[in-house]
Amino acid sequence: MTALLIALLLLPLLGAAATLAPAAVFGPDEATRERRALTFNAVVSGLVLALAVALAAAFDHAHPGRMQGVTDLRWIPAIDVRFHLGVDGVSLPLVVLTALLTFLCAVYSTKRRPTGEGTPSAVSFTGLFLLLETGMLATFLVLDLLLFFLAFEIVLIPMYFLIARWGSGARTASANRFILYTLLGSAVMLLGFLLIGLKAGTFDMTALAAAHGQGLSHSTQVLAALAIGLGLAVKAPAWPLHSWLPDAHTSAPTVGSVLLAGVLLKMGTYGMVRVLIPIVPDGTSTFAPYLGALGAVGIVYGSLACLSLARPGRGGDLKRLIAYSSVGHMGFVLLGIASLTPVGINGALFANIAHGLITGLLFFLVGSLKDRYKTADLDTLAGADTFSGGAALYGRAPRLGALLAFAAVASLGLPGLAGFWGELLAMFGAFHPGAGLSRPAFLTYMALAGLGTLLTAAYLLVVVRRVCMGDPAQPAVAQPAELRGYEAVSWTPLAALTLVAGLWPALLLTLSDPVVKQLLAVG
């Protein structure tokens, strides 16, 4: 398992390095080089996914609370920074999700190459894509605070260029806002890490978690929790630090939106569970009510924004609507974490995975619609000029319509699908919050979250009715299904796993529960 962990990081990093010598690796002819680079991207990502599956198979599922496959080497002795890797029941599902989404995006890109202004190089795209994969995987595997910060930062530059070079619309402004917000948040987070390291004498996350705040004064924990929490909240994203997200999603290429929603947002909430809760428990408890409030407001705010965009005549963009829906769904994750209970945090971790699967599928579908019809405008998709005859998806492309409807009902939390369990458990956690937290406040947050579920169902059903059925005044025109082979390959695993996680939630909860109890120092 140690070899598997190292190979998981080394393989995409070497793949990214290989793109620095494109003529030697992919051939001297430019057209051949571009085609081979995208194939190379899919092959390397596929090998990484195979390693992640092997890691999951080799994992000792009887002891998910124990760090496995550990590598612990001295790296910078002067400040006691170690090259420390490991995987447990919290990080393993995120590693597999990351490897799966990157592979599906790579396969999708071989047939639907991202385009931007001019002719951006497929070789450059491959190098940035594999570097992004390296940073995302490293974030969930490293066990040293400074290594965590380094991995956290690695993903920013590749994602910036994916938006700025291969995006659309106001892509430069969106990419600039993305990098500005996340870099400022990371800088504040680094100050919190340095404060902990200087006061505790180590940056080792396992040692700090085992101490559970011992050796750190209350004021130190509060300051560190504030700094680290702000940095992680930007990436989560928590309301009102979310404003970079809708623009980034709207401008990003399809694969950029899938990875941004499916993985990058999870890095912030994972950091809260891995770093804040066990290392600075007093500081986390101090700010938990405020985090819960931000989560509850984000749920309602995101849903209302989506409901406004979904209304006829508003010119709402479907990609932007799904981006705002992520603000609401991640609000449930923040509420579960803020409850500081095993039930709530397990729900938050489950919702992380469910959101990655469902929203990844939604962005794939919307990207496909935009590629076909050159627009993601809801008014147009509902039966205007592009869909002459007004049949919308059920008439023009029934399989696409069925998949969109499936993803929508999964996103609104229909029982039996993955979106249900995380939201339910997060609200259960708020119903009985942890010791020292105000129950009336968290009951209020739970009520707001319940209202958010109703609003979520409202806007998603409006979207399905408009995009899949179109204007009811227009006659339906039967057309052959337009689901292509590479789309079926890219999307079927996400739909299948959404169903599996909904019917068998213990698959994830039995992995995370022992770890969560250790992080909370209960049981």
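This section describes the aromatic pairs and the charge-over-ring contacts of the structure. The model is predicted, and 14 aromatic pairs are found in it.

Among these pairs is the one formed by Trp-239 and Tyr-301, whose ring centres lie 6.4 Å apart with 50 degrees between the planes, a tilted arrangement. Distant parts of the chain are linked by this pair: Trp-239 is located in the loop between helix 10 (218–235) and helix 11 (244–251), whereas Tyr-301 belongs to helix 13 (residues 281–310), a separation of 62 residues. Both rings belong to residues classed as partly exposed, with a relative accessibility of 28% for Trp-239 and a relative accessible area of 31% for Tyr-301.

Tyr-301 also pairs with Tyr-324, here in an edge-to-face geometry with a centre-to-centre distance of 6.2 Å and an angle of 65 degrees between the planes. Because Tyr-301 lies in helix 13 and Tyr-324 in helix 14 (residues 318–338), this pair ties together parts that are 23 residues apart in sequence. Tyr-324 has a relative accessible area of 13% and is therefore buried, the cut-off for that class being under 20%. Tyr-301, at 31%, is partly exposed.

A further group of rings comprises Tyr-108, Phe-364 and Trp-491, which form one aromatic cluster.

Charged side chains are also placed over aromatic rings. The charged end of Lys-235 is positioned over the ring of Phe-152, at 3.8 Å from the ring centre. In a second contact, the ring of Phe-431 has the charged end of Arg-439 over it, 4.5 Å from the centre of the ring.

Conventions
Residues numbered from 1 in each chain as written. Predicted model: local features only at pLDDT ≥ 70, side-chain atom pairs only at ≥ 80, totals over all residues. Heavy atoms only, no water. Phe/Tyr/Trp six-rings, centres within 6.5 Å; stacked < 30°, edge-to-face > 60°. Helix = DSSP H or I, 4+ residues; strand = E, 2+ residues; numbered from the N terminus. Buried < 20%, exposed > 50% of the residue type's maximum accessible area, 1.4 Å probe, protein only. Lys NZ or Arg CZ within 6 Å of the ring centre and 35° of its normal.
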